[in-house]
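Here are a few notes to read alongside the model, set out as numbered points. I hope they help you find your way around.

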Amino acid sequence: MKLHSILFFFLLAAMFVGCNSNGGKLINGQKAPQLSLTTVDGQQINLDQFKGKIVLIDFWASWCKPCRKANPALVKLYGEFHDKPFQGANGFEIISISLDTKEQAWKNAIEKDSLYWPWHTSELRGWKAKAAEAYDVHQIPTSFLIDQNGMIIGKDLSPYDIGKILHQRLYRQ
């Protein structure tokens with residue numbers, strides 16, 4: 001009788017886990033959730049339009065000191081790898097998703113930190129942003145490295161580790 005109760009409990013637990021929209025925390029090798037976002041200049045973008053490129057999705061905010069401290073390294077990575085040919089991919093992009101609630105603070109941080117890539121987005125809803133929910137973001141900075149096929153190949157990597165992965169994937173003749 002106890003064995004049946006235990007099996008029933010595990011079956012019930014498995015059903016609840018299976019109902020989680022993104023299967024729990026996102027992991028390497030998993031398809032990245034689709035995003036549809038509006039950039040700081042009003043342009044609509046979605047993750048599918050970056051197929052064929054390696055993409056870093058960077059969750060940050062203007063008020064986050066560790067995020068701001070990492071920004072110069074991201075600027076350097078973007079400058080070094082943006083136009084490079086990779087094995088199976090052509091180029092590197094960064095999509096910055098801000099969890100700010102104050103538009104001017106967000107825009108000022110982009111300018112002050114010289115974040116010159118064009119893909120800056122924010123719903124100005126803080127932690128309630130749909131992208132943060134889709135990616136199960138509960139702290140920042142949080143980042144996801146996505147390959148040319150839309151698969152997660154790294155999560156919460158340091159800029160050094162991102163650079164290392166990008167160097168390993170460079171096309172070599």
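1. Which side chain meets that of Arg125 in a salt bridge? The partner is Glu123, with N and O 3.5 Å apart. Both ends are partly exposed: Arg125 has a relative accessible area of 38%, and Glu123 has one of 31%. Please keep in mind that this is a predicted model.

2. That pair belongs to a set, as the structure holds four salt bridges. Another one joins Lys25 to Asp136, where the closest N and O atoms are 3.8 Å apart. Lys25 sits in the loop between helix H1 (2–18) and strand S1 (36–38), while Asp136 sits in the loop between H4 and S8, so this bridge ties together parts that are 111 residues apart in sequence. Lys25 is exposed at 53% relative accessible area, whereas Asp136 is partly exposed at 24%.

3. Helix H3 has a salt bridge of its own to look at. Glu103 and Lys107 meet there through their side chains, at 2.9 Å from N to O. The two residues are four apart in H3, about one turn of the helix. Glu103 is partly exposed, with a relative accessible area of 39%, and Lys107 is partly exposed too, with 29%.

4. Now to the sheet. Five strands make up an open sheet with mixed pairing, in the order S7-S6-S3-S8-S9. Strand S7 (120–122) and S9 are the edge strands, each with a single partner, so one side of each has no neighbour in the sheet. From one strand to the next, the twist averages 20°.

5. Within that sheet, S3 and S8 run antiparallel and are joined by five bridges. If you would like a residue to start from, try Val55, whose bridge partner in S8 is Ile146. Helix H2 packs on the sheet and touches S3 and S6, its direction making about 165° with that of S3. Helix H3 lies across S3, S6 and S7, and runs at about 160° to S7.

6. What about the interior? The largest nonpolar core has 49 residues, and Ile57, Phe59, Phe92, Ile95, Tyr135 and Phe144 have the most contacts inside it. Among the elements that give two or more residues to this core are strand S3 (54–60), helix H2 (65–81), strand S6 (92–98) and helix H5 (159–169).

7. Ile95 is a good place to zoom in. Setting aside neighbours within four places in sequence, Ile95 is in contact with residues including Leu37, Ile45, Phe50, Ile57 and Trp119. Asp58 is also one of its contacts.

How values were computed: Residues numbered from 1 in each chain as written. Predicted model: local features only at pLDDT ≥ 70, side-chain atom pairs only at ≥ 80, totals over all residues. Heavy atoms only, no water. Core = buried A, V, L, I, M, F, W, Y, C linked by side-chain atoms within 4.5 Å. Buried < 20%, exposed > 50% of the residue type's maximum accessible area, 1.4 Å probe, protein only. Contact = heavy atoms within 4.5 Å. Pairing = 2+ DSSP bridges. Axes fitted to C-alpha atoms, helices over the stretch in contact; angles between N-to-C directions.
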